[in-house]
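Q: Can you walk me through how to read protein–DNA contacts in a model like this one?

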Number of protein chains: 2
Amino acid sequence: MRPLFHPALEDIRPEAILYALSDPERVAIYAQLAGASGGGTCSALAQLGDRVIPKSSLSNHFKVLRESGLILSERQGIEMHNQTRCAELDERFPGLIKAILLAYAQIPGQPKVG
Amino acid sequence: MRPLFHPALEDIRPEAILYALSDPERVAIYAQLAGASGGGTCSALAQLGDRVIPKSSLSNHFKVLRESGLILSERQGIEMHNQTRCAELDERFPGLIKAILLAYAQIPGQPKVG
DNA sequence: ATCAACAGTTCCGAATTTCTGAACTACGGA
DNA sequence: TCCGTAGTTCAGAAATTCGGAACTGTTGAT
């Protein structure tokens with residue numbers, strides 16, 4: 001298993017952020033991470049609403065989020081702990097993440113961030 | 001030629017907005033429209049930076065922008081006039097468009113909105 | 001040490017999407 | 001009517017996404 005790649009703050013690109021968050025499933029995952037205080041593991045997020053996300057798809061979602069710079073993933077023993085990089089990101093792209101989550105929160109059935 | 005579809009304000013979805021603006025070429029087009037006072041035609045935007053965008057691609061970009069709710073297109077005689085729906089959009093998704101354009105403006109070589 | 005269970009990743013083929021040249025439609029002017 | 005211009009649609013090639021199956025790496029039990 002290759003080491004996990006995380007872009008440096010200055011290498012994060014807006015198109016990658018927007019692409020990553022243009023998928024409602026990924027937004028739901030991200031919003032969970034942003035809201036949850038505990039470390040969000042993949043399997044803890046395998047079910048969102050009524051759909052069970054296949055684990056290869058889930059793994060790919062996390063990869064997209066990670067490589068876009070939205071989240072930080074860290075292996076802790078058997079499982080993977082994920083957290084958002086929202087503080088850093090807000091420094092680089094002020095107001096962006098907040099506005100995006102707010103936009104999704106307007107839509108019924110979409111996640112509200114904690 | 002089919003009539004052009006524009007979503008009603010309440011039908012505009014954040015994922016469509018983010019997807020549309022996750023392509024730097026489309027962002028450049030959108031930023032031009034947002035900045036330009038005159039009606040932006042397709043052909044006026046065919047060249048961005050050093051790349052000449054094929055007209056079928058350009059037409060598709062405009063379609064994506066239009067159907068996501070970002071722009072309003074109106075045929076005026078032989079050409080098409082496009083304008084942003086930013087005022088409406090800001091009402092529905094406060095701060096979103098501004099934050100996105102600001103994010104892109106951080107990147108050297110990306111368009112600054114007028 | 002070996003084994004089994006578990007969390008997550010990688011692989012790869014199928015399905016979908018994107019890209020763009022070529023053909024086409026629509027409008028306006030001569 | 002015929003031509004030129006602006007933009008759309010079509011269609012095939014290329015690229016991307018999806019997800020089941022196989023795999024890797026870690027922990028705990030025997």
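Q: Which atom of DNA strand D does a polar side-chain atom of B:S59 lie 2.4 Å from?
A: Start with the general idea: a polar contact is a pair of N or O atoms within 3.5 Å; within protein, one must be able to donate a hydrogen and the other to accept it, and residues adjacent in sequence count only if both atoms are side-chain atoms. Here, the partner of B:S59 is a phosphate oxygen of DNA strand D. Keep in mind that this is a predicted model, where local features need pLDDT of at least 70, side-chain atom pairs count only at pLDDT 80 or more, and totals for chains, interfaces and linings use all residues; side-chain values use heavy atoms, with hydrogens and water left out. Residues are numbered from 1 along each chain as its sequence is written, while chains are lettered from A and ligands numbered from 1 in the order in which they are written.

Q: Which elements give two or more residues to the surface near DNA strand D?
A: Elements are DSSP runs numbered from the N terminus: helices (H or I, at least four residues) and strands (E, at least two). For DNA strand D they are α3 (55–68) of chain A, plus α3 (55–68) and β4 (79–84) of chain B. The largest share, three residues, is from α3(B).

Q: What do A:R51 and B:K55 touch on that strand?
A: A polar side-chain atom of A:R51 sits 3.4 Å from a phosphate oxygen of DNA strand D. With B:K55, a polar side-chain atom lies 2.7 Å from a base oxygen of DNA strand D.

Q: How many residues surround DNA strand D?
A: "Near" is a distance call: one heavy atom of the residue lies within 4 Å of the strand. That gives 20 residues around DNA strand D, with A:Y19, A:S57, B:S43, B:K55 and B:S59 the closest. Of the strand's atoms within 4 Å of the protein, 62% belong to sugar or phosphate and the rest to bases.

Q: And which residues come nearest to DNA strand C?
A: Out of 20 around it, they are A:S43, A:K55, A:S59, B:Y19 and B:S57. Sugar and phosphate make up 64% of the DNA strand C atoms that come within 4 Å of the protein.

Q: Which atoms reach the phosphate oxygens of DNA strand C?
A: A backbone N or O atom of A:M80 does, at 3.1 Å. There's also a polar side-chain atom of B:S57 at 3.0 Å, and a side-chain N or O atom of B:R51 at 3.4 Å.
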